[in-house]
Structures are given as structure tokens and as C-alpha cells.
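I set out to look up how two helices pass one another and what lies in the nonpolar core. My entries follow the structure.

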Amino acid sequence: MVESVDDQKIANRLDRVVADLGRKPLKILVQVNTSGEESKFGVDPSGCVELAKHVKLGCPNLVFSGLMTIGMLDYSSTPENFKTLSNCRKEVCKELGIPEEQCELSMGMSADFEQAIEMGSTNVRVGSTIFGAREYPKKN
């Protein structure tokens, strides 16, 4: 599964690569920027339905499997961010005619996964809890 598809160009490229490899369709999650932070990737919530529809109808080698978001700068999130993603799921499922139970919600990381689960997350990412904090090299 690829959890970070945030525009049609990426979806189209993945679709072509999967076709070229001749493998079974690849599950993907559409990444939504629920916090509005410029430092975060993700489609704007207002564009998530259009992108999900593109993947489902225009990318035969991809399987739209749900939505994901990344928390705020400190990798935690606020209830509003989780509510936004949940509302996006409602809109996407209504537009695509799929049950909400079949649409993953990947939200919550080590700092906020409990709150995310309480708010409906079906997939959490807790790498730093398991492996420790990441150390990023300093840019020159």
C-alpha cells in the first residue's frame, strides 16, 4: 500500500508503473492536508473527492482504499484535523457509492494515536514509539 498519493500526477505514475510490472493492483490512500500547514503534503480537503474519484475511475491498476493525514508540526494533531478527515471520508464514500467501513482512515502517529483511534482511525503509524525518534541530518 502507498499511503501518500496527493495528486493526479502521482496516481497516474503509480498506475503506469504497476501496469508495467504486471503485478496485481496496488492499494493506495489519498493524503489530505487537514492542518493547512504549508510544510505538509496532501490534497486540500476540498479536492479529496475529485482525487479519490480519479483514482477509482481513471487508474485501473490502483485500488482506492481510503484517506490519510499527518499531524501538526510536532506530529500530533487536533480533534479538528481528525474530524476533517472523517468528514472527507463521508463525502468521498457518498460520491463513490462505497460504504464508509470499506474506506480506511489512516490518522494518528506516536503522539496522538489514542485520540485518533477514538475518532475512527483504522490505521495508525507509531514508528517512533517502536524505533525511537528519528534524527534528521542538518541541511547545509
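I looked up the handedness of the H1 and H2 pair: H1 passes H2 in a right-handed crossing (right-handed if the near helix is turned clockwise from the far one by less than a right angle, left-handed if anticlockwise). Helices are DSSP runs (H or I, at least four residues; strands are E, at least two), numbered from the N terminus.

The model is predicted: local features need pLDDT of at least 70, side-chain atom pairs count only at pLDDT 80 or more, and totals for chains, interfaces and linings use all residues. Residues are numbered from 1 along each chain as its sequence is written, and side-chain values use heavy atoms, with hydrogens and water left out.

I then noted that the axes of H1 (residues 8–21) and H2 (residues 48–58) come within 10 Å and cross at roughly 20 degrees. H1 is therefore roughly parallel to H2 (angles under 35 degrees).

I listed the contact (heavy atoms within 4.5 Å): Gln8, Ala11, Asn12 and Asp15 in H1 meet Glu50, Leu51, His54, Val55 and Gly58 in H2.

I checked which H2 residues are buried (under 20% relative accessible area, 1.4 Å probe, protein chains only): Cys48, Val49, Leu51, Ala52, His54 and Val55. These pack against strand E1 (2–5), H1, E2, E3 and H3.

I turned to the largest nonpolar core (buried Ala, Val, Leu, Ile, Met, Phe, Trp, Tyr and Cys joined through side-chain atoms within 4.5 Å), which has 29 residues. H3 gives the most to this core, with six residues. Val92, among the residues with the most contacts inside the core, touches Cys48, Val49, Ala52, Phe64 and Leu67, not counting residues up to four places away in sequence.

Notes:
Axes are lines fitted to C-alpha atoms, for helices over the stretch in contact, and angles run from 0 to 180 degrees between N-to-C directions. Angles under 35 degrees count as roughly parallel, over 145 as roughly antiparallel, 65 to 115 as roughly perpendicular and the rest as oblique. Buried means under 20% relative accessible area, exposed over 50%, partly exposed in between (1.4 Å probe, protein chains only).
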